[in-house]
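Trainee: Could you walk me through how to read a few features of a protein model?
Mentor: Gladly; let's have it on screen and begin with a loop.

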Amino acid sequence: MKLASLLSEETICFGKSYSNMEHAIRETLSRLHKSHRIPMPLAEVEKAVLERQALGGTTFPTGIAVPHARLQNFSDLLIGVCVPQTPVESEGQQVRMVVLMLTSKTETTLYLNALGSFLKVSQDSSLFDALCKSGSASNFLNLLKQAQVEVRKEITVQTIMATSFPSLSRSDTVKRAADLFYQHSTSYLPVLEEGELIGELTVLDLFRIGLPDYVFKLGNLKFLKTLEPFEELLRKEEVLRVEEVMKKPTLFLEEDSSIIEAVFKFVSSNRRHLPVLKGKRVVGILSYMHILHKVLRA
Amino acid sequence: MNLITWTALGIFVLVYIIISFELVNKTVIALLGAMVFIALHIIGQEDAFQSIDWNVIFLLISMMVIVGITKSTGLFQYVAIKTAKAAKGDPIRILVALSGVTALFSAFLDNVTTILIIAPVTILIAVELGISPVPFLISEAMASNIGGTATLIGDPPNIMIGSAARLDFMAFLLNLTPIIGIIFLAFVGIVYLLFRKDMVVTTERRARVMEFDESRSIENPVLLRKCLIVLGFVILGFLLHGMLQVEAATISMLGASVLLLLTGKHEIDEYFRDIEWGTIFFFIGLFILVGGIVELGVIRLLAQKLLAVTQGNMKLTAVLLIWASGIISAIVDNIPYVATMIPMIKDIASSVGQEASFPLWWSLALGACLGGNGTLVGASANVIAAGLASKSGFKITFLDFTRYGVLVTLVSLVLSTLYVLVRYF
């Protein structure tokens with residue numbers, strides 16, 4: 001499906017100035033409300049969008065903002081676009097294009113894919129720039145059609161995974177691993193060799209170095225205040241190599257794995273992160289929080 | 001002997017070789033052998049089921065349930081830490097005291113269970129003391145084999161012997177516990193002399209162990225109280241079961257059922273997970289195999305051969321039994337060995353009389369249980385201790401264990417021989 005097919009000229013607005021993001025949202029929303037049959041008063045829809053907006057996370061560094069809301073008793077996807085004359089400030093970013101989306105409480109696939117397509121458009125700086133400068137709704141739609149921007153029918157992990165991520169090599173020290181976990185606030189690091197996945201390390205694996213096997217045979221450790229091997233871990237983290245402590249990769253996703261496959265793997269393996277592979281190369285990391293942020297609360 | 005007897009014997013020996021060298025999982029091969037016996041009509045279907053000693057099966061299952069529940073309360077860990085602290089953090093004293101606790105636990109629990117409980121906390125203590133846990137683990141594995149010999153329920157061979165020879169808990173206590181006490185003292189002397197020099201630690205290290213707060217290792221005080229009450233009644237029941245004319249299996253299964261009821265849980269699968277079904281089915285397979293061999297008269301033939309060698313001299317037979325059992329058990333699994341010897345001794349008993357054969361049962365128990373200390377592979381407890389050590393980064397090789405094991409076993413068997421000769425002849 002073409003992204004342009006989901007839009008109509010009357011809901012694309014150009015060249016107006018807005019005092020702030022809320023102003024831009026209200027204007028775009030009232031245009032949408034006028035042109036489509038929405039079974040809710042405008043004020044209620046506005047409330048829903050602004051409440052979601054207050055949670056944050058709808059503005060992207062590429063200069064696009066996607067305020068949205070899921071509506072009761074509504075089973076459609078409506079998209080309104082607004083390109084302000086001068087960028088509007090939102091969440092510390094300068095927004096050049098506002099894409100407002102209204103969808104049902106339950107629909108996810110089409111909505112997320114449309115969202116994904118807009119984000120992709122915003123990453124293509126020449127196309128994004130051309131769209132922002134197109135000057136009219138019909139030019140905007142024509143440009144989109146020419147660029148053949150597609151909306152995928154299903155959502156796959158590549159839509160929501162992180163494509164830039166820290167990684168380790170087998171000769172790195174455990175200290176470097178601990179530093180990377182800390183700096184990137186992550187609990188998972190893939191170990192790569194020429195882009196291929198050869199191992200994995202989690203923060204728990206790091207702790208595990210300081211907890212030898214016998215400790216797990218003890219019912220509990222309540223009677224201890226310190227543990228010699230755990231203290232030793234701190235002493236030897238500069239000597240230990242990642243390859244000595246990493247785990248062999250067992251579970252992974254592929255780019256076109258479905259969200260439900262990912263959810264199943266997270267739950268059944270009790271993991272928080274999964275590497276996403278294309279052939280043998282790691283192209284992304286999917287965290288269970290990506291599912292929460294980009295699917296359940298998208 | 002006809003073709004079917006030779007076939008049966010061939011299968012039997014093959015199964016025993018596979019079990020001894022652990023070529024395949026021993027439960028699988030015992031069950032497979034047993035089913036081949038039935039399929040080939042070496043033993044009839046009904047007779048096969050009859051030959052399973054349900055006293056042994058029920059006693060094992062029920063003790064596994066009771067121990068599993070008690071283990072979850074942290075009781076055993078509490079005792080181990082308390083012991084280490086009572087020894088003032090002094091390593092050689094800890095080694096002796098923990099060996100004592102191990103022997104005591106093992107007299108009432110399965111040897112492997114005892115090691116699984118004691119070894120992890122022992123490794124922890126040794127590591128905190130900054131010394132190798134290997135001497136501790138070797139001593140404890142041997143202490144568990146010695147302690148297990150003391151009672152009817154301490155070791156599977158004793159359970160089998162007790163059930164087959166109709167010897168009650170009290171009989172084991174009167175006949176085996178005294179000599180095991182003596183052997184244990186000799187064992188403590190040996191390990192003290194052997195390991196004393198390795199046991200040097202700093203005051204700071206001792207202080208670390210003295211800092212352990214054992215009272216915090218008790219997880220569920222309410223359940224613990226229930227466990228202690230039930231365990232108390234079960235042990236009392238064991239002491240009286242001969243008098244009450246109730247099998248030990250019934251006493252322990254009653255205890256297990258009451259304890260399961262007292263846990264107040266509707267779902268009991270969690271507790272049944274502590275049952276080692278592999279071991280249970282190993283016994284079932286073994287009983288059928290031995291049943292088949294007995295049926296064919298092979299055991300009777302061997303018993304007659306043995307009596308011919310010893311010329312019916314019970315004294316000589318008893319001594320031979322101690323040493324043969326000791327040496328064989330040091331090399332192969334003592335459970336299949338005892339399972340095979342039981343019908344043989346029964347056969348001897350039927351020709352020389354119950355009274356005269358009485359010392360033979362004790363000779364078998366002493367030889368088979370104590371022989372397990374002879375080598376690293378002589379008893380499951382040794383293998384488990386070495387396994388736990390190696391997973392935690394400490395290696396116990398076959399020779400590491402065996403050079404101490406041979407000495408301890410020789411001393412044990414000499415003391416056992418003297419005891420049997422002095423007490424029964």
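**Reading the model, feature by feature**

Mentor: A:Asn73 sits in the loop of chain A that links strand 4 (68-71) to strand 5 (78-83). Keep in mind as we go that this is a predicted model.

Trainee: What is phi of A:Asn73?

Mentor: For backbone angles, look at the sign and at the residue type. Phi of A:Asn73 is near 50°, a positive value, and the residue is not a glycine. A:Asn73 is also exposed, its relative accessible area being 72%.

Trainee: Where in chain B is B:Arg166 placed?

Mentor: B:Arg166 lies in the loop between helix 9 (156-165) and helix 10 (169-175) of chain B. Its phi is positive too, about 55°, although B:Arg166 is not a glycine. With 65% relative accessibility, B:Arg166 counts as exposed.

Trainee: Now a strand residue, please. Is A:Leu286 buried or exposed?

Mentor: Here the cut-off helps: buried means under 20% relative accessible area. A:Leu286 has 0%, so it is buried. It belongs to strand 13 (residues 281-287) of chain A.

Trainee: Which residues does A:Leu286 touch, not counting those up to four places away in sequence?

Mentor: Contact lists show what packs around a side chain. Among the residues that A:Leu286 touches are A:Val157, A:Ile160, A:Met161, A:Leu253, A:Phe266 and A:Ile291. The list also includes A:Arg272 and A:His273. By contrast, A:Lys222 is 35 Å from A:Leu286, C-alpha to C-alpha, with their positions 64 residues apart in sequence.

Trainee: How is chain A divided into domains?

Mentor: The domain assignment gives domain 1 (3-153) and domain 2 (174-296). Taken over C-alpha atoms, the centres of these two domains of chain A are 38 Å apart.

Trainee: And chain B: how many helices and strands does it have?

Mentor: Chain B has 22 helices and zero strands. Its radius of gyration is 22 Å, close to the 22 Å from the globule rule for 425 residues, so chain B is as compact as a globular protein of that length. The C-alpha trace of chain B spans about 70 × 50 × 40 Å along its principal axes.

Trainee: What share of the residues in chain B is buried?

Mentor: Buried residues account for 57% of the 425 in chain B. For contacts, look at sequence separation: in chain B, of those between residues at least 6 apart in sequence, 81% join residues at least 24 apart.

Trainee: What about the surface and charges of chain B?

Mentor: Chain B exposes about 17,500 Å², with 68% of that supplied by carbon and sulfur atoms. It carries 25 positive and 27 negative side chains, and the centres of the two sets are 8 Å apart.

Methods
Residues are numbered from 1 along each chain as its sequence is written. Chains are lettered from A and ligands numbered from 1 in the order in which they are written. This is a predicted model: local features need pLDDT of at least 70, side-chain atom pairs count only at pLDDT 80 or more; totals for chains, interfaces and linings use all residues. Side-chain values use heavy atoms; hydrogens and water are left out. Helices (H or I, at least four residues) and strands (E, at least two) are DSSP runs, numbered from the N terminus. The radius of gyration is taken over C-alpha atoms; the globule rule is 2.2 Å times the number of residues to the power 0.38. Buried means under 20% relative accessible area, exposed over 50%, partly exposed in between (1.4 Å probe, protein chains only). Contact means heavy atoms within 4.5 Å. Accessible areas come from the Shrake-Rupley method with a 1.4 Å probe; for residues, only the protein chains shown count as cover. Lys and Arg count as positive and Asp and Glu as negative; His and the chain ends are not counted. The place of a charge is taken as NZ of Lys, CZ of Arg, CG of Asp or CD of Glu. Domain bounds come from an automatic or database domain assignment.
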